[in-house]
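Reader: Hi! Could you walk me through the backbone oddities in this one before I set anything up?
Author: Happy to, let's bring it up.

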Amino acid sequence: MPHAIVTNTERPDLVPVTARWRWEAFQQGQGRSLAEVIAAESVGAAAASLPRTFVLLVDDEPVGMASLAAHDLDTRPDLTPWLAGVFVAPHARGRGHAVRLVAAVEAEAAARGIPTLWLYTRSAEGLYAGIGWRTVETLSYREKMYALMRRDLSDSV
């Protein structure tokens, strides 16, 4: 099973797939339609700036994504940039794909000279801690508890 990681900029044909994943996993019920998410994802794919979405292909089939985004948590505009939207399709989970995607985002951030990345998670704190992220705060957001985590990229060199 050959793996490849591409960006939506390189493969704009993947935008409908990543937009659907993003909408279903993170934004459904938050006031944005799938069409709006597709439109936003298309704009991002056409630009060289952030967000930058990475897509993992296994045998040329998209199985997961992760993004490098300028902002992700509206209550913390002081923190930037973010590892955001990490998603692996249910049929492809448990194979290390999330770790591959996170590594791609970290490498992109390091190449851009970004010293620190941020993320927030409700369910994957252990996964991120296991690959070098550290929890800096527990916070309430939209009536749920999340771990706010950071990754100092100089630690990974």
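**Backbone notes**

Author: Arginine 142 is partly exposed, with a relative accessible area of 48%. Bear in mind that this is a predicted model.

Reader: Where does arginine 142 sit?
Author: Arginine 142 is in the loop between β6 (134–141) and β7 (144–152). Its phi is near 50 degrees, a positive value in a residue other than glycine.

Reader: How do residues other than glycine mostly behave, what sign of phi?
Author: Most of them have a negative phi.

Reader: And glutamate 143, buried or exposed?
Author: Glutamate 143 is exposed, as its relative accessible area of 81% is over the 50% cut-off. This glutamate also lies in the loop between β6 and β7, and glutamate 143 has a positive phi near 65 degrees.

Reader: Switching topic: which residues does the cis peptide bond join?
Author: Threonine 80 and proline 81, with omega at about -10 degrees. Proline 81 is found in the loop between β3 (61–69) and β4 (82–88).

Reader: Nice. What span does helix α3 have?
Author: Helix α3 covers residues 97–111, 15 residues in total. From first C-alpha to last, α3 reaches 21 Å, close to the 21 Å expected at 1.5 Å a residue.

Reader: Which of the α3 residues are buried?
Author: The buried residues of α3 include His97, Leu101, Val105 and Glu108. Glu106 is also among them.

Reader: What comes just after α3?
Author: Glycine 113, which takes a positive phi of about 75 degrees.

Notes. Residues numbered from 1 in each chain as written. Predicted model: local features only at pLDDT ≥ 70, side-chain atom pairs only at ≥ 80, totals over all residues. Heavy atoms only, no water. Helix = DSSP H or I, 4+ residues; strand = E, 2+ residues; numbered from the N terminus. Expected span 1.5 Å × (residues − 1). Buried < 20%, exposed > 50% of the residue type's maximum accessible area, 1.4 Å probe, protein only.
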